[in-house]
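Please open the structure in your viewer and keep the sequence beside it, since this tour moves from one selection to the next. Each stop says what to select and what is found there.

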Amino acid sequence: MKNGLIWFCRIAVGLLFIFSGLIKANDPLGFSYKLEEYFEVFHITFLNGLALSIAIILCSLEMILGFALLIGARAIKVVWGLLLLIIFFGFLTFYSAFFKVVQTCGCFGDAIPLTPWQSFGKDMVLLLLVLVLFRNRASIKPLFTAKNGDKAIITATLISIGFGWYTYSFLPIIDFLPYKVGANIWQEMQTPPGAKPDEYEIMYTLRNKQTKATKKISDKEYLSSGIWKDTNWQVQGNPESRLVKKGFEPKIRDLNIQDAQGNNYNKELLNSPFYSLVIVAYDLTKTNINAIAESNALAANLIQNFNTRVVFLTSNPPEQAQKFAKDHKLVSELFYADGVPLKTMVRANPGIILLKNGTVVNKWHYHTLPAYDKLVKDYFGKQ
C-alpha cells in the first residue's frame, strides 16, 4: 500500500509539474507579462528587465523537477525543490485570491485559465501530494544508476531551457490566444443576439443607530423587507456592486484601434475583404529597429505592387509614434491601441499579422519575417 501511494504521488506530481511547465514554456513571453504583474503588486518592478529570463527558468525548473521525480534521480534534493516551489506558488495564488490583485495566475498559461481560488485549491492538492513524497523521500527509488540519472537531468535541462528560448524567438508552437491563426477578430469581439450579460446585485451596509449593529443586505432585500422604512437603520458608505451570475463574454473585449484623433477604426480595418498587413509594435522604445526596417521595406513593396493596406499598430502616444515614423520613414498608416491587446495579438515586438475579412491568415515573429516573394506566392498572387 505504501509503495503504491508513493508511486501514485510520484507520477501525479511529476506529470503535473511537467505539464504546467511545458504549457507556460510554450509562451514564456506571456508568462513574463504575468510575472511583471506580480512584481508590481510586491513593489519589485526593478526585476521587470529580468522577467523573461525568470519566466524561462521557472518553466524549466518545473519540467526538470517533474522529470527528475519520475525517474527518481536525486530524489531527496528534488523533493525538497518541489516542496519549496509549491509553497512559493501556493503563497502567490493565495495572495492573489485573498487580496484580489492578479486575477489570473497563469499556472497553465492561456491554455487552461483558472481563477486565483481555483489555482490555490490546485496548489493545496499538489502540496498534499508533495508532503507525502517528502515524508517518504528516502523510499523513492531511482530507475537508473546515479550517473545515468544525472545525464538524464542534464539533457532535460538543456531541452527545457531550449524549448522556452525557441518559443520566445519563434512564437508559441500552439497558440491559445484569441488572435490565433484562423480566428476572426471581428467575430470574436461580438456579443450574439440574446446572449445574457453579467448579472449584478447592489449590496448595502446598514447600521442601526440604537444597537450599533451592522449588516449587509442586497438591494432586492432592502426593498422587499421594508427595512428602508425603519429610520433606525441607516446606509453606511457607498453601495457595492457584486457579480451574481457570469454572463456571455466575448473572447476579445479590449481591442480599440484608433487614429491620433481618437476615431475608432475597428469595423473598417477588421472587415476589409482584401489582404491587410498589420505591423504590431506595442512599445517603440523596446522594438527591434532592424526588424522595423525590414517590415517597412516589405510594406512598401506590397503597397506599390498590390495596393495593400498596411497598418502600423502601437500603444505609444501619437507624438512619439509620429516622430518614430518620420525618423524611420514608415510607409504604413499609424494607428493606436492599448498595449495589453497588442501584446496578446502577437508575442513579438514587432510582429506581423496578415488579415483578410478580419481573419488572421498568418502571423510571424520578426525573426521569421516572410520574404516578399514568399508572400506573393502564397497569398497575394492567388487573390
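Leaving aside its neighbours within four places in sequence, which residues is Leu92 in contact with? Select Leu92 in this predicted model, and then show Tyr38 and Phe42, which are the residues it contacts once those sequence neighbours are set aside. Leu92 belongs to helix H4, which covers residues 75-99. Although Tyr38 is 54 residues away from Leu92 along the chain, the C-alpha atoms of the two are separated by 8.4 Å. Leu92 counts as buried because its relative accessible area is 12%, under the cut-off of 20%.

Keep helix H4 displayed and add helix H5, residues 116-135. The two helices, H4 and H5, pack with their axes 9 Å apart and at an angle of about 160 degrees. H4 is therefore roughly antiparallel to H5, since angles over 145 degrees are counted that way. If you turn the view to look through the pair, the crossing of H4 and H5 is left-handed.

Next, select Val13, Phe17, Leu69, Leu82, Leu133 and Ile140, which, of the 36 residues in the largest nonpolar core, touch the most other members. The elements that give two or more residues to this core are H1, H2, H3, H4, H5 and H6, and H3 gives the most, with 10 residues. Stay with Leu69 for a moment: leaving aside neighbours within four places in sequence, Leu69 is in contact with Arg10, Val13, Gly14, Val78, Val79, Leu82, Leu133 and Ile140. Apart from this core lies another, of 30 residues, and to find it you can select Tyr33, Ile185, Leu269 and Val280, which are among its members.

The last stop is helix H6, residues 146-170, which has 25 residues and reaches 36 Å from its first C-alpha to its last, close to the 36 Å expected at 1.5 Å a residue. Within H6, colour Gly149, Ala152, Ile153, Ala156, Ser160, Gly164, Thr167 and Ser169, which are buried. An α-helix has 3.6 residues a turn, so residues three or four places apart point the same way. What covers the buried residues of H6? Show helix H1 (2-25), helix H2 (28-41), helix H3 (51-71) and strand S8 (359-365), which are included in that cover. Finally, move to Leu171, which follows H6 and has a positive phi, near 75 degrees.

Notes: Residues are numbered from 1 along each chain as its sequence is written. This is a predicted model: local features need pLDDT of at least 70, side-chain atom pairs count only at pLDDT 80 or more; totals for chains, interfaces and linings use all residues. Side-chain values use heavy atoms; hydrogens and water are left out. Helices (H or I, at least four residues) and strands (E, at least two) are DSSP runs, numbered from the N terminus. Buried means under 20% relative accessible area, exposed over 50%, partly exposed in between (1.4 Å probe, protein chains only). Contact means heavy atoms within 4.5 Å. The expected span of a helix is 1.5 Å times one less than its number of residues. A nonpolar core is a set of buried Ala, Val, Leu, Ile, Met, Phe, Trp, Tyr and Cys residues joined through side-chain atoms within 4.5 Å. Axes are lines fitted to C-alpha atoms, for helices over the stretch in contact, and angles run from 0 to 180 degrees between N-to-C directions. Angles under 35 degrees count as roughly parallel, over 145 as roughly antiparallel, 65 to 115 as roughly perpendicular and the rest as oblique. A crossing is left-handed if the near helix is turned anticlockwise from the far one by less than a right angle, and right-handed if clockwise.
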